[in-house]
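Colleague: Could you walk me through reading this one, a feature at a time?

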Amino acid sequence: MRDRHHRTIYLRRPEDIAGLIRSRREALGLSQQALAERLSVSRKWVNEVEQGNQTAKLGLVLRALNELGINLIGETPKATSAALSPTTLAHNVDIDAIADMSLSKNRNP
């Protein structure tokens, strides 16, 4: 049973992680500079991560999540034939990722 102080947030895009980091930092009353000092990074790095920078180093992002007390929990589907059916696969399509790929191709001629 989940504690009433915990909530589940699905993280599918860099912007999702950015919003989570920003809202938790603000809830803790930390400035970007204070978080940067705790992580030994620049305030600019914190700002960029909070803007959804897709090139941020994963190790630093994980350190930031840890510093803010955010736990990541990975879930995988059960390995059954139903998990691989066309119907199930259709429900697991990440439309945001497809749109992002299309946008990237249009930006780079």
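Modeller: Let's start with S40, which sits in the loop between α2 and α3; helices here are DSSP runs of H or I with at least four residues, strands are runs of E with at least two, and numbering starts at the N terminus. Keep in mind that this is a predicted model, with pLDDT of at least 70 needed for local features and 80 or more for side-chain atom pairs, while totals for chains, interfaces and linings use all residues. Residues are numbered from 1 along each chain as its sequence is written, and side-chain values use heavy atoms, without hydrogens and water.

Colleague: What is the phi of S40 near?

Modeller: As background, most residues other than glycine have a negative phi. S40 has a phi near 60°, a positive value in a residue other than glycine.

Colleague: And is S40 buried or exposed?

Modeller: Exposed, because its relative accessibility is 67%; the cut-offs are under 20% for buried, over 50% for exposed and partly exposed in between, using a 1.4 Å probe on protein chains only. Across the protein, buried residues account for 19% of the 109 residues.

Colleague: How many helices and strands does the protein have?

Modeller: There are 6 helices and 0 strands. Reading from the N terminus, the elements run α-α-α-α-α-α.

Colleague: Back to the helices on either side of that loop. How do I read a pair of packed helices?

Modeller: Two packed helices are described by the angle and the distance between their axes. Here helix α2 covers residues 32-39 and helix α3 covers residues 43-50; their axes come within 8 Å and cross at roughly 110°. That makes α2 and α3 roughly perpendicular to each other, the label for 65 to 115 degrees (under 35 is roughly parallel, over 145 roughly antiparallel, the rest oblique). The axes are lines fitted to C-alpha atoms over the stretch in contact, with angles from 0 to 180 degrees between N-to-C directions.

Colleague: Which residues of α2 and α3 make the contact?

Modeller: From α2 come Q32, Q33, L35, A36 and L39. On the α3 side, R43, W45, V46, N47 and E50 take part. Contact means heavy atoms within 4.5 Å.

Colleague: Now a residue inside a helix. Where does A18 lie?

Modeller: A18 lies in helix α1. A18 counts as buried because its relative accessibility is 2%.

Colleague: What does A18 touch, leaving out residues up to four places away in sequence?

Modeller: With those left out, A18 touches V49, E50, Q51 and G52. E50 also turned up on the α3 side of the contact with α2. For a C-alpha distance, take A18 and Q54: they are 36 residues apart in sequence and 9.9 Å apart in space.

Colleague: How about a loop residue, I70? Is I70 buried or exposed?

Modeller: I70 is in the loop between α4 and α5, the latter spanning 86-91. Unlike the exposed S40, I70 is buried, because its relative accessible area is 14%. I70 touches L20, R24 and L65, again not counting residues up to four places away in sequence. The C-alpha atoms of I70 and I21 are separated by 8.4 Å, although their positions lie 49 residues apart in the numbering, counted along the chain as a separation.

Colleague: And what percentage of the protein's contacts between residues at least 6 apart in sequence joins residues at least 24 apart?

Modeller: The figure is 51%.
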